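Thanks for sending this one over. Here are my notes, written to be read with the structure open beside you.

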Amino acid sequence: MKALMFEHVTKTYKVGRGFVNALDDVSFEIESEKVTVVLGPSGSGKSTLLNLMGGMDRPSEGKITVFGSNIAKLSEYALTEYRRKKIGFVFQFYNLIPSLNALENVSIVQKMNNQSFDPKEMINDVGLGKRSRYFPSELSGGELQRLSIARALCKNPDILLCDEPTGALDSMTGQTILKLMVKMARKYKKTVIIVTHNASIALCADSVIHLKDGKIESIEQNKKPLTVD
Ligand code: ADP
Ligand code: ADP
């Protein structure tokens, strides 16, 4: 099944007296349970795309279908529910709560969603079992991103949406985080979408969507399926 479909999606912003098409007639499909990277330079439309996929914004034209339903047509309320329940967000700068320890940071999402996973198991799965009582200030960048992944997955979202998830990490740590994402995607059967300007991240994906000037330049499938040990 397709996790996500964009059909002729255009997003237009008004700038002064003119307009700019941040996305211009964009169509693509994302397979479920795969890791997809959206790759493009600054200004190519990545944030706009992320905001549309995450239900933070609506297209000017076109259709966005997520697991069979057109989210462009949802009411404000339904779109908020979509964002809260169906999408797990992973950010460049983690967005963790400093006053809560690791386990508490993951457990709070459980209270908001009755279909969630066990926070303790999630923390173990991302390799932080021994650090569950640590506060964010006591964790390294890589550990903070592990924790963010645990938090985002704990609510059992349909799609994990990652915005420059390795942008604040050195490249070695970044690679480890990407491997972890692939492992978690496989284990929990999640669709993972990573938006980035960093071409080296594309190596870890099942497919790569290249974005330029608001248009899709190409879509590559990785012929060698990613495996995790
Ligand atoms: P990226 O995330 O790849 O840097 P963006 O989606 O932020 O790209 O931007 C794509 C284009 O749309 C750019 O030309 C940008 O200036 C323009 N743009 C994005 N958001 C707005 C906005 N809120 N108002 C006007 N122009 C915007
Ligand atoms: P909840 O909405 O249930 O608190 P999260 O803890 O995942 O769920 O929070 C994600 C929230 O952050 C979303 O509701 C959304 O409004 C906001 N958000 C997510 N991604 C972005 C983004 N790239 N830019 C701005 N706001 C975002």
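Is α1 mostly covered or mostly open, and how many of its residues are buried?

1. Before the answer, one caution: this is a predicted model, and every value below was computed from it.

2. α1 turns out to be mostly covered, with 6 of its 8 residues buried. The buried ones are Lys46, Thr48, Leu49, Leu50, Leu52 and Met53. Just past the end of α1, have a look at glycine 55, where phi is positive, at about 75°.

3. Now find ligand 1. Around this ligand you should see Tyr13, Val15, Val20, Ala22, Pro41, Ser42, Gly43, Ser44, Gly45, Lys46, Ser47 and Thr48. Sorted by class, that shell holds 5 nonpolar, 6 polar and 1 charged residue.

4. Which elements supply that shell? β1 (2–15), β2 (18–31) and α1 each put in at least two residues. The biggest share comes from α1, which gives 3 residues.

5. Zoom in on the oxygen atoms of ligand 1. One oxygen is 2.6 Å from an N or O atom in the side chain of serine 47. The backbone joins in too: an N or O atom in the backbone of lysine 46 lies 2.9 Å from an oxygen of the ligand, and a polar backbone atom of serine 44 is 3.1 Å from a ligand oxygen. On its own ligand 1 would expose 560 Å², and the protein buries 61% of that.

6. Next, swing over to ligand 2. Its neighbours are Leu50, Asn51, Met56, Arg83, Arg84, Phe89, Phe91, Met112, Lys155 and Asp163. This shell is made of 5 nonpolar, 1 polar and 4 charged residues.

7. Two of those charged neighbours are worth a click. The side chain of arginine 83 has an N or O atom 3.3 Å from an oxygen of ligand 2, and the side chain of lysine 155 likewise places an N or O atom 3.3 Å from a ligand 2 oxygen. Taken alone, ligand 2 exposes 540 Å², of which the protein buries 63%.

8. Where does ligand 2 sit? You'll find ligand 2 in the largest pocket. The elements giving two or more residues to its shell are α1 (46–53) and α2 (76–86).

9. If you keep one thing in mind, make it α1. This helix supplies at least two residues to the shell around ligand 1, and it also gives two or more to the shell around ligand 2.

Definitions and conventions. Residues numbered from 1 in each chain as written. Chains lettered and ligands numbered in written order. Predicted model: local features only at pLDDT ≥ 70, side-chain atom pairs only at ≥ 80, totals over all residues. Heavy atoms only, no water. Near = heavy atom within 4 Å. Polar contact = N/O pair within 3.5 Å; in protein donor to acceptor, adjacent residues only side chain to side chain. Areas by Shrake-Rupley, 256 points an atom, 1.4 Å probe, with all protein chains shown as cover. 1 Å grid on protein atoms, 1.4 Å probe; cavity = no way out; pocket = protein on both sides within 12 Å on 5 of 7 lines; lining within 4 Å. Sits in = over half its atoms within 2 Å of the grid points. Helix = DSSP H or I, 4+ residues; strand = E, 2+ residues; numbered from the N terminus. Nonpolar A, V, L, I, M, F, W, Y, C, P; charged D, E, K, R; others polar. Buried < 20%, exposed > 50% of the residue type's maximum accessible area, 1.4 Å probe, protein only.
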